[in-house]
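Reader: I'm new to this structure and would like a close look at a single part of it. Could you pick one spot, walk me through it, and then show me what else there is to look at?

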Amino acid sequence: MNALLALTLVALSAAPLDTGSPHVQRLAVVVGANRAAPGRVPLRYAHRDAHNLASVLVEAGQFSREDVVVLEDPEPSRVLAALDSRLERLGKEGREGLLLFYYSGHSDEQALYPNGQPLELKALRTRLEDGRAAVRVGILDACQGGSWTRAKGLSAAAPFSVEVPLGLSSEGSVLLASSTGQEASHETDALQGSFFTHHLVAGLRGAADEGDDGQVTVGEAFAYAQRLTIRDTSLHGEAVQHPSFDLRLRGRQDLPLTRLASASSTLEVRQELGPLQVIQLHSGLVVLEVPEGRRALRMALPVGPYLVRRRTPEGTFARELQVEAGKTVTVHEENLELVGAPGLAAKRYSRPLAATLTTLPAGTHAVRLSVSTGYGETRLNTSSTVYASPPSLGVGYRVGLSDRLELAVGGLPARAVLPPGAGGRGDSLADALLPPG
């Protein structure tokens, strides 16, 4: 399958940029395109991908809300106009700036397809090489090809290298591709979005903070998204997606993209073993996963109810919590409570109750005592005679060999011998159960 699943491109000027400085202007154009070009199928979650990425930029990336524009299936000309206006703004203000472009939707080796119409990649490349922005970040979650998970395109074409569509001639760049040029990009109902964008956003929210320093770099976010994209497509897809990474930055080894201290509502996780999952309760979605190992992470999350969960062979441990505006909620792994054990799923007792058995439980003994008395009536001509036979005592012994097999000795109550034609009944005592052994 021929595809460019997702690529992230960062181009920097020769001088390193302090992206954590409040003097750095951060502007973003974020596009989600569900509509398909002719001959392709529509997507369902590209708009959601775009809004999720925009949210993490505002909540943890130090982008002002008014500086992040989200476009749903815009005309190609509107996308270019949005990029041009932001480049012009950066040029006039003369401030160091970061321009981020994100696109989720269909594409091929020549163009993106917002609103089902072609936007040539060379026009996009021109904007991402414009020096009026000291740092330019491009993220494309798009491809061609097809799969059961609604790949973002259905037309076959010759394989192409991930460097071709947005390879920049300027020195200093980071290239992240969530698959090779011959793999497809997928969205899935289980995540209500694409695999790569979902995990990229989770990483930027703090799950990818390997250094526990309160910030997530491009490299950390990619490594997190790469591992989980490979895992999920291995489990749920027909073909595995293999993200790739190319770092070419002058004067720096990585680029911080989110700073968690800037988030207004956060969850702090103290993990001893892990891995832990954080589930958004109103949607039921796993919003992020904390890699296994001892760590303390702060994660930027929207306000609302969540469940922190750890699954183990011994059972599921979890705790509900509420993330509130302007606050940090802390949860310790050791304070999670057992909410489900493996044996409960069978909906049965580990050992059947004796009352439900046709035989005694294994190792259980029983003595059966029975007393039987017969009553009868004989008729001669017009007269009849009623009589009772002497009581008879019966003794039996039973032992359970297994839950389905027992050994019985005696056990049948003695019956009175009645004359021919006589009816009768017997009364007996119930089994007396003895404990095993």
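Author: Let's begin with Ala221. Setting aside the neighbours within four places in sequence, Ala221 is in contact with Leu200, Leu204, Ala208 and Val216. Ala221 itself belongs to helix H6, which covers residues 218-236. Is Ala221 buried or exposed? Its relative accessible area is 2%, and because anything under 20% counts as buried, Ala221 is buried. There's also a distance you can check in the viewer: the C-alpha atoms of Ala221 and Glu210 lie 9.4 Å apart, with their positions 11 residues apart in sequence.

Before going further, keep in mind that this is a predicted model. The pLDDT averages 74 over the protein, and 63% of the residues reach at least 70. Which elements sit at the two ends of that scale? Strand S3 (residues 68-72) has the highest mean pLDDT, at 98, while helix H4 (residues 163-166) has the lowest, at 32. Two stretches deserve some care. Over residues 343-358 the pLDDT stays under 50, and the model gives that stretch six contacts beyond four places in sequence. Residues 411-433 also have a pLDDT below 50, but there the model has 53 contacts beyond near neighbours in sequence.

Now for the wider setting. The protein has 437 residues, and 50% of them count as buried, Ala221 being one of the buried ones. Its secondary structure comes to six helices and 27 strands. If you take the contacts with a separation of 6 or more, 72% of them are between residues 24 or more positions apart.

Next, have a look at the largest pocket. It holds about 310 Å³ of space, and 18 residues line it. Asn52, Val201, Arg205, Gln280 and Val287 are the lining residues nearest its centre. Which elements supply at least two residues of the lining each? They are helix H1 (46-60), helix H5 (195-207) and strand S16 (285-290). H5 gives the most, with five residues. Sorted by class, the lining has eight nonpolar, seven polar and three charged residues.

From there, try Ala296, which you'll find in strand S17 (residues 295-300). With a relative accessible area of 32%, Ala296 is partly exposed, whereas Ala221 is buried. Leaving out neighbours within four places in sequence, Ala296 is in contact with Asp212, Val269 and Arg270. Gln271 is worth finding too: its C-alpha is 6.1 Å from that of Ala296, although the two are 25 residues apart in sequence.

Glu66 makes a good next stop, in the loop between H1 and S3. Its relative accessible area is 62%, and because the cut-off for exposed is over 50%, Glu66 counts as exposed. Its C-alpha is separated by 8.9 Å from that of Leu27, which is 39 residues away along the chain.

Finally, the salt bridges. How many does the structure hold? There are 15. Take Glu333 and Arg310, whose side chains meet in one at 3.5 Å, N to O. This pair links distant parts of the chain, 23 residues apart: Glu333 is in the loop between strand S20 (328-332) and strand S21 (337-340), and Arg310 is in strand S18 (residues 304-312). Glu333 is buried, with a relative accessible area of 10%, and Arg310 is buried as well, at 18%.

Compare that with Lys122 and Glu120, whose side chains form a salt bridge at 3.7 Å, N to O. Here Lys122 is exposed, at 54% relative accessibility, and Glu120 is partly exposed, at 44%. Another salt bridge pairs Lys327 with Glu324, where the closest N and O atoms are 3.0 Å apart. Lys327 is partly exposed, with a relative accessible area of 47%, and so is Glu324, at 34%. Some salt bridges share partners, and in this way Asp67, Arg89 and Glu93 are joined into one network.

Notes:
Residues numbered from 1 in each chain as written. Predicted model: local features only at pLDDT ≥ 70, side-chain atom pairs only at ≥ 80, totals over all residues. Heavy atoms only, no water. pLDDT = per-residue confidence, 0-100. Helix = DSSP H or I, 4+ residues; strand = E, 2+ residues; numbered from the N terminus. Contact = heavy atoms within 4.5 Å. 1 Å grid on protein atoms, 1.4 Å probe; cavity = no way out; pocket = protein on both sides within 12 Å on 5 of 7 lines; lining within 4 Å. Points joined across faces, edges and corners; volume = space filled by probe spheres on them. Nonpolar A, V, L, I, M, F, W, Y, C, P; charged D, E, K, R; others polar. Buried < 20%, exposed > 50% of the residue type's maximum accessible area, 1.4 Å probe, protein only. Salt bridge = Lys/Arg side-chain N within 4 Å of Asp/Glu carboxyl O.
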